[in-house]
Amino acid sequence: MNIPKTSNPRIVIIGGGFAGVALAKKLSKQEVQVVLLDRNNYHTFQPLLYQVSTGGLEPDSIAYPIRKILKDFPNFYFRLANVEEIDTVKNKVRTDIGHLKFDYLIVASGSTTNYFGNSEIEKHSMAMKTIPQSLDLRSLILENFEEALLTSDLNERNALMNFVIVGGGPTGVELAGALAEIKKGILPKDYPDLDTRMAQINLIQSSDCLLKGMSAKASEKAEDFLEKLGVIVWKNLRVTNYDGKTATTNTDLTFKTETLVWAAGVEGAVIKGLDSEYFVTRGNRILVNEFNQIKGFENIFAIGDIACLCTEEFPNGFPMMAQPAIQQGNQLGDNLLRLLEEKPMKPFVYKDKGTMATIGRNKAVVDLKNFKFQGVFAWFVWMFVHLFFLIGFRNRMVVFVNWLYNYVRFDREARLIIRPFKKRLKEN
Ligand SMILES: Cc1cc2nc3c(=O)[nH]c(=O)nc-3n(C[C@H](O)[C@H](O)[C@H](O)COP(=O)(O)OP(=O)(O)OC[C@H]3O[C@@H](n4cnc5c(N)ncnc54)[C@H](O)[C@@H]3O)c2cc1C
C-alpha cells in the first residue's frame, strides 16, 4: 500500500462516512499516523440522496473528495481500497490492494440495505444507499416515463407509472414527497402527450404510523402532508415479495409496478473477521462498550451505524443516524489521544439534537427535545441544518442555489438519463 513506516502509532480507519471523517479530523496534526481506507474516494451526504434520485440535485453536490477534507493534515494517508477481512490476531487488515498492519483499528463501515433475507426483493427492487444507486433510480424513473409514452398497452403503461416505496421512515417519506411533487409540477410539462395523472405513488409501511422514531404529531402531520400531495399511504401492510413486475403483500393486495424502492431497513456493513455471532448483535451491528471498544479488544473500535452501544435509554443501540456517528467519531478521537497519554478514556454520552424529515416544498416535521413543530418554519430549519452539515463551501453554495432556483421556478433541472439503467439487464 506504500504507507511509510513510522515510529508513531498507526491508526487505521475503515470508512470515510460521518463517523470516520469526524474521527480523522480529531486526529489531525497529532503524533499519530492516520490511514483512512474507503472503497469510494468521496464522502457521501446520504440524507440528500433522495434529491439526486428525483433530479433535484446533481450527485457532485452531495459528495466530497475524502483527500480534500484532510489535505492539510501531514499525518494523514488515504487509500482507495475495499477492506475484505480483519485479522484481529495479527492486527492486520486485508484489502483488494494489499495488507496493512495497525496499532489501532476503527471500523466505521456504516450500514447497508437490509432485505431481511429475501433474495427476490434484493434482485428486483431499487435501493437508495449510495450515489450510484440513486443515479440508477433517477434513470429508471425517467426511462419509465419515456417507455410509458411508447406503449399502447394500458396495463403496461400503468405499471410503468406506478411507484411503490416500501418503508415509511424518513427515506421513504422524503422520496414519496419528492416524487409527488414531480408528478404535480414537472411531468405534465415534460410529457404533455401522456396522461400523467395516472401516475401513482404508493408508500407502504408495515406498522401503524409513518416516521416511527418521531413524535405522534410529526407522524400524523407527515401522513397528512403526503396525502395532500396525492401519495397513497398504506399502513399495517407488508410487502412479502417482488418479482420485478408484481409486489405481493401479507394481504390479498398486490401492486403491478416496474419500480419498487426498498427503504424498509438497513443493517450493519460488517466485515469478515468481525462477522461472527460473538461480535454481532441485532441489526448486524457490532456490539461495543461505552468507549466504543469491540468485545475482547483494547485496540479495536467501532463507531457510527456499524456500532451497537446499548444504554438504558437506547437498549438496541443509538439510531442509525448522522449525529450519533459524528459524536462517536469526535469522542473516540479524544479517547484515543487520552489512551496514548495513558489517561483513562471517557464513556460516550449521546446528545440527542433532534430528528427531522421533509415532505416537500414548505412541508417538514421537526422534533427537538423540548419543541416539536411542523410546516413552513420546520422546512426552513430542515434546509438550514442540511446546508450546515454538508461538507465544503462549494457544495453548500451549489445546493443552496439549486434549492432557490427549484423553489422559484417549481423545477428540478437534473432530470437527466446520463447513465441509462437497464432494469432488464439487472434482472438477467
Ligand atoms: C437515503 C438516506 C437518508 C438518510 N437521511 C438521514 C437524515 O435525514 N438524518 C440523519 O441523521 N441520518 C440520515 N441517514 C443515515 C445517515 O446517513 C447514517 O446514519 C450515517 O451515514 C452513518 O455514518 P457512518 O459514518 O456510520 O457510515 P457511512 O456514512 O455510511 O459511511 C461508511 C463508509 O464506509 C465505507 N465502507 C463500507 N464498507 C467498506 C469496506 N469494506 N471497505 C472500504 N470502505 C467501506 C463506505 O464506502 C462509506 O464511505 C440517511 C441514510 C440514507 C441511506
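Here are some notes on this structure for someone opening it for the first time.

1. A word before you start: this is a predicted model. Keep that in mind as you go through the points below.

2. Start with the overall layout. The protein chain splits into domain 1 (10–39 + 81–113 + 266–340) and domain 2 (119–264 + 361–427). Their C-alpha centres sit 32 Å apart. Where the two meet, seven residues of domain 1 are in contact with five residues of domain 2.

3. Next, the nonpolar interior. The largest nonpolar core has 95 residues, and L48, F76, F145, L226 and L336 touch the most other members. Domain 1 and domain 2 each supply at least three residues to this core. Apart from it there is another core, of 30 residues, which includes V107, I271, F279 and L309.

4. L226 is a good residue to click on. Once you set aside its neighbours within four places in sequence, L226 is in contact with V173, A176, G177, L203, L210, V231, V233 and I359.

5. Now the ligand. There are 27 residues around it, and those that come nearest are A19, D38, V83, D305 and A322. V83 offers a polar backbone atom 2.9 Å from a nitrogen atom of the ligand. N82 has a polar side-chain atom 3.4 Å from a ligand nitrogen. For D305, an N or O atom of the side chain lies 2.8 Å from an oxygen atom of the ligand.

6. Helix α10 covers residues 322–340, which makes 19 residues. From its first C-alpha to its last it reaches 27 Å, close to the 27 Å expected at 1.5 Å a residue. Just after α10, look for E342, which takes a positive phi of about 60 degrees.

7. Helix α11 (residues 376–389) gives a similar check on length. Its 14 residues should span 20 Å at 1.5 Å a residue, and the end C-alpha atoms are indeed 20 Å apart, so the two agree. Its buried residues are A378, W379, V381, W382, M383, H386 and L387. What covers them? Among the elements over the buried residues of α11 are the helices α2 (49–53), α7 (170–185) and α12 (393–409), along with the strands β23 (355–360), β24 (363–367) and β25 (372–374).

8. Staying with α12, that helix holds L404. Is L404 buried, partly exposed or exposed? Its relative accessible area is 48%, so L404 counts as partly exposed. If you want a distance to try out, the C-alpha atoms of L404 and Q133 are separated by 26 Å, with their positions 271 residues apart along the chain.

9. Two loop residues deserve a look as well. N118 sits in the loop between β10 (111–113) and α4 (119–124). With a relative accessible area of 17%, N118 is under the 20% cut-off and therefore buried. A polar atom of the N118 side chain lies 3.1 Å from the backbone nitrogen of E120. Farther along the sequence, leaving aside neighbours within four places, N118 is in contact with T240 and N241.

10. The other one is S28, placed in the loop between α1 (18–26) and β2 (33–38). Buried or exposed, what is S28? Its relative accessibility is 12%, so S28 counts as buried. Not counting residues up to four places away in sequence, S28 touches F73 and N75.

Terms used:
Residues numbered from 1 in each chain as written. Predicted model: local features only at pLDDT ≥ 70, side-chain atom pairs only at ≥ 80, totals over all residues. Heavy atoms only, no water. Helix = DSSP H or I, 4+ residues; strand = E, 2+ residues; numbered from the N terminus. Expected span 1.5 Å × (residues − 1). Buried < 20%, exposed > 50% of the residue type's maximum accessible area, 1.4 Å probe, protein only. Contact = heavy atoms within 4.5 Å. Core = buried A, V, L, I, M, F, W, Y, C linked by side-chain atoms within 4.5 Å. Domains from an automatic or database assignment. Near = heavy atom within 4 Å. Polar contact = N/O pair within 3.5 Å; in protein donor to acceptor, adjacent residues only side chain to side chain.
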